[in-house]
Amino acid sequence: MGGAVESSSLSEDQYYNCIFAENSALGGGAMGSGGEARPAFTNCTFTGNSAAHGDAFYLTSREGVFPSHVSIVNSILWNGEDEIFVADRSTVTVAYSDIKGGLSSTSAPVGRIVWGMGNIDADPCFVDAPAGDFHLRSQAGRWDAANQSWVRDEVTSPCIDAGDPLSPIGLEPFPNGGRANMGAYGRTGEASRSWFGGPVCDVIVAGDLNGDCKVDFADITILAGQWMWHSPQRGIGQ
C-alpha cells in the first residue's frame with residue numbers, strides 16, 4: 001500500500017515541496033495510510049501515479065478503528081480521476097489545491113472528505129510532464145532548468161497565485177503577486193512568476209510585495225496576511 005509513501009503508527013510526517021510521479025500500488029499510487037497517522041502535504045505535486053483505488057491517496061486501517069487525518073494544501077493532484085479513496089473512518093482535508101476531476105475524483109464510503117476553500121480542477125500546464133519537468137508555464141516567466149534561465153510562455157498556469165492567501169510566499173521571485181503558487185515549486189526560488197496584464201515589473205522596490213512597482217495598500221494587506229500565518233487558530237497549512 002502506497003507506491004511511494006506509507007504512513008502509520010501515529011506518525012505526523014510533514015511533506016513540503018515534494019514531487020510524487022509515476023508510482024503505482026494496489027492502494028494509493030503515491031501515498032497510503034495504515035492507521036492513526038496525521039501526515040500533512042504542503043506544496044506537493046502528484047502526477048502519473050496509479051492504483052486500483054486512489055491514484056494519489058488511499059486510507060485504510062486495521063479493523064477500521066484507527067482512522068488517520070491527512071491534510072493537503074497548495075498541492076496538485078493530476079493523475080487519473082480517482083485521486084483519493086478513504087476506505088475507513090479516516091478524514092482527508094483538501095484546500096487550495098488543483099484536483100483532477102474535482103470532488104468527484106474522491107471517494108469516502110465510510111470516511112470523510114473535507115473539501116476546503118480554493119480547490120480547482122484545471123490543467124496545471126506543466127512544462128513537460130513526460131520529461132519530468134513540473135514547473136508551471138507562465139507568460140510572466142518560469143524557470144528553465146535545462147538552460148538555467150527564465151523564459152516566458154504563451155500561456156499561464158491557473159495554479160499560479162492560487163495557493164492559500166495566508167500561506168507564506170517564501171522565496172518566490174519577483175514579480176509574484178504576493179500569493180503562493182500551487183505545486184512543488186510554490187514558495188521556492190523556482191516558482192513561476194505572475195502576470196499582471198501589462199509589462200512585468202523587473203525593478204525591485206523596497207516594500208513592494210506583489211511586484212507591481214509601487215508600495216500601496218495591497219502590499220499592506222499581503223503583509224498582514226503573512227503575519228497571521230502562524231496564528232494558533234490556524235489548522236491546515238501550519
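**Close-up views of a predicted model**

The chain holds one helix and 20 strands. The model is a predicted one. Of its 238 residues, buried residues make up 50%. Among contacts between residues at least 6 apart in sequence, 56% join residues at least 24 apart.

**Figure 1. The stacked aromatic pair of Tyr15 and Phe41.** Across the whole structure, the search for aromatic pairs returns 10. In the pair shown here, the ring centres of Tyr15 and Phe41 are 4.6 Å apart and the planes meet at 5°; because this angle is under 30 degrees, the pair counts as stacked. The pair links distant parts of the chain, with Tyr15 in strand E2 (residues 14–16) and Phe41 in strand E6 (residues 40–42), 26 residues apart. Tyr15 has a relative accessibility of 15% and therefore counts as buried. Phe41 is also buried, at 0% relative accessibility. Both residues belong to one aromatic cluster, formed by Tyr15, Phe20, Phe41, Phe46 and Phe57.

**Figure 2. The edge-to-face pair of Phe126 and Phe134.** The two ring centres lie 5.3 Å apart, and the planes of Phe126 and Phe134 stand at 80°, so the pair is edge-to-face. Phe126 is buried, its relative accessible area being 11%. Phe134 is likewise buried, with a relative accessible area of 8%. Thr47 touches both Phe126 and Phe134.

**Figure 3. The surroundings of Thr47 in strand E7.** Strand E7 spans residues 45–47 and contains Thr47. At a relative accessibility of 9%, Thr47 falls under the 20% limit and so counts as buried. Leaving aside residues up to four places away in sequence, the contacts of Thr47 are Phe20, Ala21, Glu22, Trp78, Asn79, Phe126 and Phe134. One of these contacts, Phe20, is a member of the aromatic cluster that includes Tyr15 and Phe41.

**Figure 4. The largest cavity and its lining.** Two cavities of 30 Å³ or more are found in the whole structure. The largest cavity encloses about 50 Å³ of space. Its lining consists of 14 residues, of which Phe134, Leu136, Met182, Tyr185 and Gly186 are the closest to the centre. Strand E18 (residues 133–136) contributes the most to this lining, supplying three residues. Sorted by class, the lining comprises seven nonpolar, six polar and one charged residues. Phe134, one of the lining residues closest to the centre, is also the partner of Phe126 in the edge-to-face pair.

**Figure 5. Arg193 over the face of Trp150.** Arg193 is placed over the ring face of Trp150, and the distance to the ring centre is 4.2 Å.

**Figure 6. Pro67 in the loop between strands E9 and E10.** The loop that carries Pro67 connects strand E9 (57–59) with strand E10 (69–73). Pro67 and Arg38 are 29 residues apart along the chain, and their C-alpha atoms are separated by 9.3 Å. With residues up to four places away in sequence not counted, Pro67 touches Glu36, Ala37, Ser61, Asp88, Arg89 and Ser90.

Key. Residues numbered from 1 in each chain as written. Predicted model: local features only at pLDDT ≥ 70, side-chain atom pairs only at ≥ 80, totals over all residues. Heavy atoms only, no water. 1 Å grid on protein atoms, 1.4 Å probe; cavity = no way out; pocket = protein on both sides within 12 Å on 5 of 7 lines; lining within 4 Å. Points joined across faces, edges and corners; volume = space filled by probe spheres on them. Helix = DSSP H or I, 4+ residues; strand = E, 2+ residues; numbered from the N terminus. Nonpolar A, V, L, I, M, F, W, Y, C, P; charged D, E, K, R; others polar. Buried < 20%, exposed > 50% of the residue type's maximum accessible area, 1.4 Å probe, protein only. Contact = heavy atoms within 4.5 Å. Phe/Tyr/Trp six-rings, centres within 6.5 Å; stacked < 30°, edge-to-face > 60°. Lys NZ or Arg CZ within 6 Å of the ring centre and 35° of its normal.
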